[in-house]
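This note offers a colleague some brief points on the surroundings of the ligand and on one helix pair.

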Amino acid sequence: MTHPDLQLEILDDVAVVRLTRGAKRNALSDGLILALRDAFESLPDTVRAAVIDGEGPHFCAGLDLSELKERDAGQGMKHSRMWHAALERVQYGPVPVIAALHGAVVGGGLELASACHIRVADASTFYALPEGSRGIFVGGGGSVRIPKLIGVARMTDMMLTGRVYNAEDGERAGFAQYLVPEGIAFDKALELAKRVAQNAPLTNYALMHALPRIAEQPADQGFFTEALIAGIAQSAPEAKERVRDFLEGRAAKVAKS
Ligand code: 1HE
């Protein structure tokens with residue numbers, strides 16, 4: 001993966017994937033979207049968690065509007081499917097991904113953030129879906145993923161009225177799981193990624209690949225799938241070792257935060 005607007009850095013078992021197109025507010029060109037897909041397809045086997053970050057004052061301004069040229073319906077559909085394929089690699093790739101958010105998280109930038117597993121926002125973050133006022137629609141999976149975070153009603157309002165959520169209101173609405181002071185979203189995301197990287201790989205895999213599917217299933221099927229995954233996870237040697245470590249006093253207790 002080499003693209004001038006994407007940087008991949010490996011810090012032990014954590015990959016840091018950084019959008020480096022700050023001058024254009026990290027607007028996502030087709031080339032950059034494909035590079036993101038490639039980056040998550042070819043992470044080294046040693047990587048156990050990833051952080052996505054954006055250079056400059058904003059996380060991401062969404063679709064590169066300068067590329068929004070005349071497309072017919074079929075080309076528009078294929079373009080959207082290209083985004084789907086790339087963000088699917090983020091959500092259902094090899095490792096949990098933590099987004100470090102600051103400044104604008106808008107349009108396709110919010111779609112990218114919503115494909116990640118954990119979102120850490122700093123106090124400068126704001127969220128919007130300007131597609132509504134640009135005469136277009138979300139095309140990067142936003143209509144599937146964003147309502148799961150904030151609900152259909154809030155997303156409808158954002159697109160109809162151009163409403164912008166600030167960092168605090170955004171956290172309350174469900175965009176981000178963590179809200180931190182300005183300037184430290186990356187540090188917090190990296191700290192969380194290091195923690196996530198210590199989990200048993202099968203637990204992380206189940207959380208990424210099984211949980212969202214179970215949550216979509218009717219309860220009866222969900223309970224059954226859960227039982228299958230629970231059985232598989234607890235049978236792994238690493239799970240047995242971790243439980244033994246706790247019972248023999250070698251593992252940390254759960255502590256109040
Ligand atoms: C861009 C883009 C972009 C900035 N495509 N070039 N997204 C939007 O509708 C958001 C559009 N952007 C903005 O509202 C603002 O740029 C920001 C709030 C993100 C940042 O404002 P600011 O004042 O810090 O920066 P700026 O001066 O507006 O932009 C700096 C440069 O970045 C400028 O280029 P320059 O050559 O004049 O320096 C901008 O043109 C450029 N730039 N955003 C292209 N998005 C799968 S479908 C997804 C559909 C969508 O994502 S639609 C929503 C698109």
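1. How far is an oxygen atom of the ligand from an N or O atom in the side chain of arginine 25? The distance is 2.9 Å, within the 3.5 Å allowed between N or O atoms in a polar contact. The model is predicted, with local features requiring pLDDT of at least 70 and side-chain atom pairs pLDDT 80 or more, whereas totals for chains, interfaces and linings use all residues. Numbering starts from 1 along each chain as its sequence is written, and side-chain values use heavy atoms, without hydrogens and water.

2. Backbone atoms also take part. A polar backbone atom of alanine 61 lies 2.7 Å from a nitrogen atom of the ligand, and one of glycine 108 lies 2.7 Å from an oxygen atom of the ligand. On its own the ligand has 1000 Å² of accessible area (Shrake-Rupley method, 1.4 Å probe), of which the protein covers 66%.

3. The shell holds 22 residues, each with a heavy atom within 4 Å of the ligand. Lys24, Ala61, Leu65, Gly108 and Arg134 come nearest. At least two shell residues come from each of β5 (104-106), α3 (108-115) and α4 (131-134); these are DSSP runs, helices (H or I) of at least four residues and strands (E) of at least two.

4. α3 packs against α5 (residues 142-150) at about 65°, with axes 9 Å apart; the axes are lines fitted to C-alpha atoms over the stretch in contact, with angles from 0 to 180 degrees between N-to-C directions. The two helices are therefore roughly perpendicular, a term for angles of 65 to 115 degrees.

Conventions:
Polar contact = N/O pair within 3.5 Å; in protein donor to acceptor, adjacent residues only side chain to side chain. Parallel < 35°, antiparallel > 145°, perpendicular 65-115°, else oblique.
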